[in-house]
Amino acid sequence: MSAPVLTELHLYPVKSLGGIAVDRWELDAFGLRFDRRWMVVDREGKFLTQRQHPRMACIQPRIDAAGRLTLRHPRQGSFEVPPADPEAPRLAVTVWGDTVKAAPVGEAADRWLSEAIGIDCRLVWFPDDVKRQVDTRYAAPGERTAFADGFPLLLIGQSSLDDLNRRLESPVPMRRFRPNLVVAGAAAYAEDSWRRIRIGAVTMRVAKPCSRCVITTVDPETGRRTGQEPLATLAKYRRRGKHVYFGQNVIHETRGELAVGETVAVLA
């Protein structure tokens, strides 16, 4: 049997907005460069996601190699996001149990997103000098992430989605699960047993399974919930305790560039 291969590579510049598929991309200290470096927060600084505001899925980003970000909404058209002002006072924002000091992007971005999402909100940027430590039960001191839920990268096997879709009346696309890395050529759920891998020249640790939530029930095309699937079916065979798992959280040990088509070597 041939070795598994990286077949898809995705980044999500703004937490819980749409994603971008790329053929190759650089890894930095936080994960894929520019992945979840922006986040939408309410006026108290608490992060907003598709869990409460599924219409966030309809806002699609575009980003160039220099980090110039453009957002597009089906009703409002495009908005070029200005860079965050490095001199502006930072805001205390929360993402899950972590509070960090983020840079505000500006009133124009806040107004555009407030109208698009339908709630008064702000856009913030995760500065390079801020350190958000990955859970030390799974990571070494100094291993960090930006505004991702908790880990730099999320990996899913294509065969795992294929197996799930055989159990569903209506198949769902991989986009529902918002992975960074999609790997084909391994058995369904093979990634559950991986502990350390190398993609191209980049080594990574497979830290822990990813617990899934109602975001998987949001259609990324329409921003509407479609019912209880695929979460209900996953719960029948992928539940452990109170959580339903699909995919693996990954921490990169080295930096470099990842490219679609690279071989995935399972080291442990």
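## Ala92 and the E9–E10 hairpin

In this predicted model, Ala92 has Lys101 of strand E10 as its bridge partner. That pair belongs to a wider arrangement: strand E9, residues 91-95, and strand E10, residues 98-104, pair in the antiparallel sense over five bridges. Two residues lie between the strands of this hairpin, and there Trp96 takes a positive phi near 50 degrees.

Take a look at the side chains along E9, too, as they alternate. Leu91, Val93 and Val95 point to one face and are buried. Ala92 and Thr94 point to the other face and are not buried.

## Thr49 in its loop

Next, find Thr49 in the loop that runs between strand E5 (38-41) and strand E6 (60-63). Is Thr49 buried or exposed? Its relative accessibility is 1%, so Thr49 counts as buried, the cut-off being under 20%.

Which residues does Thr49 touch, leaving aside those up to four places away in sequence? They are Lys15, Ser16, Met56 and Ile215. Closer along the chain, you can also spot a polar atom of the Thr49 side chain 3.0 Å from the backbone nitrogen of Arg51.

## Helix H2 and its cover

The last stop is helix H2, which spans residues 158-167. Buried residues in this helix are Ser160, Leu161, Asp163, Leu164 and Asn165.

What covers the buried residues of H2? The cover includes two strands, E12 (153-157) and E19 (243-252), along with helix H3 (231-237).

Conventions
Residues numbered from 1 in each chain as written. Predicted model: local features only at pLDDT ≥ 70, side-chain atom pairs only at ≥ 80, totals over all residues. Heavy atoms only, no water. Helix = DSSP H or I, 4+ residues; strand = E, 2+ residues; numbered from the N terminus. Buried < 20%, exposed > 50% of the residue type's maximum accessible area, 1.4 Å probe, protein only. Polar contact = N/O pair within 3.5 Å; in protein donor to acceptor, adjacent residues only side chain to side chain. Contact = heavy atoms within 4.5 Å. Pairing = 2+ DSSP bridges.
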